[in-house]
Amino acid sequence: MKPIKAGLIGCGFISSIYLENCRNFQSMDIVACADLNRENAERQARDFDIPRTCSVDELLADPEIDIVLNLTIPAAHAEISLKAIEAGKHVYMEKPLSISLKDGRAVLDAAAEKGVRVGGAPDTFLGGGIQTALKLIEDGWIGRPVAATAFFMSRGVEKWHPNPDFYYQPGGGPMFDMGPYYLTTLVSLLGSVKRVTGSVQTSFDVRTTPEGRSIPVEVPTHITGSLDFENGAVGTVITSFDSVGNNLPRMEIHGETGTLSVPDPNHFGGEVLVKKLGRKQFENVPLTHGWTDNSRGIGLADMAEALLEKRPHRANDQLQYHVLEIMHAFHTASEENKHITINSRIEKPAALAMQQIF
Ligand SMILES: NC(=O)c1ccc[n+]([C@@H]2O[C@H](COP(=O)([O-])OP(=O)(O)OC[C@H]3O[C@@H](n4cnc5c(N)ncnc54)[C@H](O)[C@@H]3O)[C@@H](O)[C@H]2O)c1
């Protein structure tokens, strides 16, 4: 019997990889699942041998459950998390923490008051690719970091996603969808951001699905901006659904004595490359850490272990809130024609041990 018991709320697409990976974690088990749509819960329980399905309210009232795993849609994240906290449960959720900053703050405040923990995705920064990049920075391979670039460029989702509408509604757009991966990675490598400026644009009023259905676009779909990190580095970020093609790297960290090429922050593994000052080329660095396959859920496993060991968990609510504040700031800066001061701060999450198992 594993010591920490979790209950899943939201048995949709992303829940499968969590259920698959949670089978192997040592400290936690998923013992029940629930969904607004009971059939979804029953299907996932059957496919992944979850002992029981129940209603959302029954799951929240279940005294056996320590952590609520909230994999609902972004618009329901705060509501479900607040209910779980009210019921005295710890919560781990998919990204983002919430859509509005006000709701995100309410989740953090409620958890602090109840003495429960909140954590959440993305946890790709705990993967072997980004942990190797972190180790190289901390071991001094590029010297003092002075700048960073991060680019997510695409032509949107309507050509391949079966239900693309919500990507073009408030809470969607490339920043709220993909920004969490890029920004969480940047701050986990470089620490807190202190101010942000940006320009945003809705390049196309309407998107058209392959069947010819029109989707009105209600949010900016090209967001570009600058970040000033507290450590003095300056970041340049673009997230876009408006680019037909591009040759930009995903992410680079530029230091006094070298440049680090960081792998795709939406994945756990990937190639890490370094170009040292005076060298002609980038050189491939073997990954120092494991967790290079799709390891979604290691943030949850780390939180479960942290509860047992009474230590901080890495994919935590402070990190999620800081990222949410930055994502909003790109948009607010553009609307208000100015730099936006970021009020929240994070502790850089501790590096994983090289042989870390969960
Ligand atoms: N789809 C992806 O590729 C992907 C990747 C990474 C992260 N995510 C994140 O995972 C989360 C879920 O995405 P998804 O793709 O699995 O969505 P989905 O629509 O496939 O699944 C969401 C599930 O939550 C249920 N649900 C919605 N509101 C609920 C409520 N109030 N109470 C109980 N159940 C509720 C729905 O019935 C559905 O079964 C989102 O936050 C998304 O950002 C998705």
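**A walk through the predicted model**

Glu 58 is partly exposed, with a relative accessible area of 48%. That puts it below the cut-off for exposed, which is over 50%. Keep in mind that this is a predicted model. Glu 58 belongs to helix 3, residues 56-61. If you measure out to Ser 199, C-alpha to C-alpha, you cover 45 Å in space, with the two positions 141 residues apart in sequence.

Now for some backbone oddities. Most residues other than glycine have a negative phi, and most peptide bonds are trans. Asp 49 isn't a glycine, yet its phi is positive, about 55 degrees. You'll find Asp 49 in the loop between helix 2 (38-48) and strand 3 (52-53), and with a relative accessible area of 60% it counts as exposed. Trp 291 is another non-glycine residue with a positive phi, near 60 degrees. Trp 291 sits in the loop between strand 16 (283-285) and helix 8, and it is partly exposed at 24% relative accessible area.

As for cis peptide bonds, one joins Lys 95 to Pro 96, with omega about -10 degrees. Pro 96 is part of the loop between strand 5 (90-93) and helix 5 (101-114). Another cis bond links Ala 121 and Pro 122, where omega is about 0 degrees. Pro 122 lies in the loop that runs between strand 6 (118-120) and helix 6 (128-138).

Hold on to Ala 121 and Pro 122, as they turn up again at the cavity. The count of cavities of 30 Å³ or more comes to one, and the largest cavity holds about 90 Å³ of space. It has 15 lining residues, and those closest to its centre are Ala 121, Pro 122, Thr 184, Gln 320 and Val 323. Helix 7 and helix 9 (317-336) are the elements that give two or more residues to this lining, with helix 9 supplying the largest share, five residues. By class, the lining has ten nonpolar, four polar and one charged residues. Where does the largest cavity lie relative to domain 1 and domain 2? Both domain 1 (4-120) and domain 2 (128-288 + 322-341) give residues to its lining, so it lies between them.

Helix 7 deserves a look of its own. Its 18 residues, 173-190, reach 25 Å from first C-alpha to last, close to the 26 Å expected at 1.5 Å a residue. There's still a kink of about 60 degrees at Gly 179, shortly before Pro 180. As for burial, 18 of its 18 residues are buried. After the helix comes Gly 191, with a positive phi near 95 degrees.

Helix 8 (298-309) leads into the loop before helix 9. Its twelve residues should span 16 Å at 1.5 Å a residue, and the end C-alpha atoms are 16 Å apart, which agrees. Ten of the twelve are buried, including Ile 298, Leu 300, Asp 302, Met 303 and Glu 305. Lys 310, in the loop between helix 8 and helix 9, is exposed at 71% relative accessible area. Lys 310 is 302 residues from Leu 8 in sequence and 23 Å from it in space, C-alpha to C-alpha.

Finally, the second largest pocket has a volume of about 280 Å³. Among its 16 lining residues, the closest to the centre are Pro 312, His 313, Arg 314, Asn 316 and Gln 318. This lining divides into six nonpolar, three polar and seven charged residues.

Note on methods. Residues numbered from 1 in each chain as written. Predicted model: local features only at pLDDT ≥ 70, side-chain atom pairs only at ≥ 80, totals over all residues. Heavy atoms only, no water. Helix = DSSP H or I, 4+ residues; strand = E, 2+ residues; numbered from the N terminus. Expected span 1.5 Å × (residues − 1). Bend = angle between axes of the 7 residues up to and from the residue. Buried < 20%, exposed > 50% of the residue type's maximum accessible area, 1.4 Å probe, protein only. 1 Å grid on protein atoms, 1.4 Å probe; cavity = no way out; pocket = protein on both sides within 12 Å on 5 of 7 lines; lining within 4 Å. Points joined across faces, edges and corners; volume = space filled by probe spheres on them. Nonpolar A, V, L, I, M, F, W, Y, C, P; charged D, E, K, R; others polar. Domains from an automatic or database assignment.
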